[in-house]
Amino acid sequence: MTATASAPPTAADSGKMNRREVLEALSGLMMGMFVGILASTVVANALPRIISDLGGSQSVYTWVVTSELLAMTVTVPLWGKMADLYSKKLLIQISLGLFVVGSLIAGFTPNVEVLIFSRVVQGIGAGGLTALAMIIMAAMISPRELGRYAGLFGAVFGVGTIAGPLIGGVLVDTSWLGWRWCFFIGVPIALGAILLLQRTLKLPVVKRQVKIDYLGALLITAGVSTLLIWSTLAGNQFDWLSGWTAGLVTAGVVLLALAVLVESRAEEPIIPLDIFRNRTVALAIVASILVGVAMFGGTVFLSQYFQLSLGKSPTVAGLMSLPMIFGLLVSSTVAGGLITKYGRWKGYLVAGSAIMVVSLVLLSTLDAQTSILVLSIYMALLGIGVGMIMQNLVLAAQNDVPAAELGAVTSALTFFRSMGGTVGVSALGAVLANRVNSLMTEQLGDAAGGGTEGGGHAVPDLSMLPEPVLRIVQDVYGTATGDLFLVAAPFAVLALVAVLFIKEKPLKTKTGAERLEEEERAAAVGAGMH
């Protein structure tokens, strides 16, 4: 027998990627994920200027944000399902391509209508990026090794979420750039990610008969969109308790009930209902929703607090978020490395949830006189807690399901966390507006409406207020923001309870691609025996 006859297959032959190839591919994934998140957050401080330049109204202001978030949230399950059926490499390149197209349309937009359309295209691409990044990671890397890399992705997610408003503020404040660069800035990064993934990503494509549940996809999209539109507009365009609320909520619930019925009978459901029978997955989804409400609902309004209560500029407000970024970056990276080293993960979920509860309670003490040092410590704690939870919930769920369901489970977690965040922002935004309104009325009486441009439902222009009223407005927004974190804290407590009931299981040592090949072989053997 010759030596060559017994030579093991190479990485290229087997389709398995070596460590260097994995790191190169991860670089492309992280670039793609960063620009996807950036698209959602970079316009936060730039929107007033954008809407003013394009001649838009307050309702348009809301829809520029909401349209992208809606498109991203409702398409995540569709991308996840397609990842279980088609080439993951092709899908993520398509999602990056959609993001580039949407960004270019937004950057050159002549009016608000085209801008809203471009945000929908961006959202569809961002939905693919957020869902597919973790799915591809699970296909390349075993759960035991995933912690190390998942920490990096958690850091990218956090940095993109928190740094986006800072980048947008700087671009708007820089005269020779302007707000259009909020959209252009992600294009070269996305194109670089497409080229890098084309060269480095090598995943086997399992050929099998495909049946897409188009009716289920339509019902899920319609039902979730209806509820998200309701949660976004309630408290702004109409009251929470109103005929519009009754109609939209009823329509959304009916559509989702029909979706469940269709999904239960579909041969290839978009969201397999079986995954909810898995205790780990079900609890991880519940915790993801609650973390989304607490994290997004609480942190989104910090930028407003910096500007309205502390009187900082958009750029300085962005810089003040750095403690949270560093906390998230350090905790997600360190926790991920320790999980890979020791193979234990539940302790980090419990500790992260507990730290998040403590940080939200501490942040509930905010007012207009809170020192920057104290505020930075509280924000760093929140970042540490979120960094230990977010990606490790995905890791726990991915470790406990068959490889064939990795796409559906990962996208379900991403979908529910995003939906929790959307509802949290809307609901807590309404709480903040009502609290500001009542505090203004207490302080200023009948003059409150004039001082806040609509009783707290519109953001006041501090530069136009006389000194005594300015101090009252700053105090009111400081107190109201503190109250907001107190409302968010119980959601974090419920997330801690859900995490406590998740059962820790040993992390698998084979990649998703290897597990899928084993499952396919086992299924073929089982079919042959019958």
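These legends go with a set of close-up views of a predicted model.

**View 1. The whole chain, built from helices.** Start with the big picture: this predicted model has a protein chain with 21 helices and 0 strands. Of its 530 residues, 55% are buried. Take the contacts with a separation of 6 or more, and you'll find that residues 24 or more positions apart account for 82% of them. The chain's accessible surface comes to about 21,700 Å², and carbon and sulfur atoms hold 67% of that.

**View 2. The largest nonpolar core, with Leu 360 in the middle of the story.** This core takes in 124 residues, and the ones with the most contacts inside it are Leu 26, Leu 29, Phe 306, Met 356, Leu 360 and Leu 375. Helix H20, which runs over residues 467-500, is the top contributor with 14 residues. Zoom in on Leu 360 and set aside residues up to four places away in sequence: what it touches is Ala 294, Leu 382, Phe 485, Ala 488, Ala 489 and Ala 492. A further core lies apart from the largest one; it has 17 residues, including Ala 46, Leu 47, Ala 106 and Leu 171.

**View 3. Helix H6, a covered helix with a bend.** H6 spans residues 112-140. Its 29 residues reach 41 Å from the first C-alpha to the last, close to the 42 Å expected at 1.5 Å a residue. Look for Leu 132, where H6 bends by about 30°. Most of this helix is covered, with 23 of the 29 residues buried. At the start of H6, Asn 111 has a side-chain oxygen that comes to within 3.2 Å of the backbone nitrogen of Glu 113.

**View 4. Arg 119, a buried arginine in H6.** Staying with H6, here is Arg 119. It counts as buried because its relative accessibility is 1%, and the cut-off for buried is under 20%. Its side chain makes a polar contact of 3.0 Å with the side chain of Gln 122. Beyond its neighbours within four places in sequence, Arg 119 is in contact with Ala 39, Ser 40, Val 43, Val 64, Ser 67, Glu 68 and Phe 183.

**View 5. Helix H17 and its kink.** H17 covers residues 372-398, and its 27 residues reach 40 Å from first C-alpha to last, close to the 39 Å expected at 1.5 Å a residue. A kink of about 30° is centred on Asn 392. This helix is mostly covered too, with 19 of its 27 residues buried. Met 390 sits in H17 and is buried, as its relative accessible area is 2%. Ser 288 is 102 residues away from Met 390 in sequence, yet their C-alpha atoms are 7.4 Å apart in space.

**View 6. Helix H11, with Leu 261 partly in the open.** H11 is made of residues 243-265; these 23 residues reach 34 Å from the first C-alpha to the last, close to the 33 Å expected at 1.5 Å a residue. Thr 245, Leu 248, Gly 252, Ala 259, Val 262 and Glu 263 are buried in this helix. Leu 261 belongs to H11 as well, but it counts as partly exposed because its relative accessibility is 41%. Between the C-alpha atoms of Leu 261 and Gly 216 there are 8.8 Å, with the two residues 45 apart along the chain.

Note on methods:
Residues are numbered from 1 along each chain as its sequence is written. This is a predicted model: local features need pLDDT of at least 70, side-chain atom pairs count only at pLDDT 80 or more; totals for chains, interfaces and linings use all residues. Side-chain values use heavy atoms; hydrogens and water are left out. Helices (H or I, at least four residues) and strands (E, at least two) are DSSP runs, numbered from the N terminus. Buried means under 20% relative accessible area, exposed over 50%, partly exposed in between (1.4 Å probe, protein chains only). A polar contact is a pair of N or O atoms within 3.5 Å; within protein, one must be able to donate a hydrogen and the other to accept it, and residues adjacent in sequence count only if both atoms are side-chain atoms. Contact means heavy atoms within 4.5 Å. The expected span of a helix is 1.5 Å times one less than its number of residues. The bend at a residue is the angle between axes fitted to the seven residues ending there and the seven starting there. Accessible areas come from the Shrake-Rupley method with a 1.4 Å probe; for residues, only the protein chains shown count as cover. A nonpolar core is a set of buried Ala, Val, Leu, Ile, Met, Phe, Trp, Tyr and Cys residues joined through side-chain atoms within 4.5 Å.
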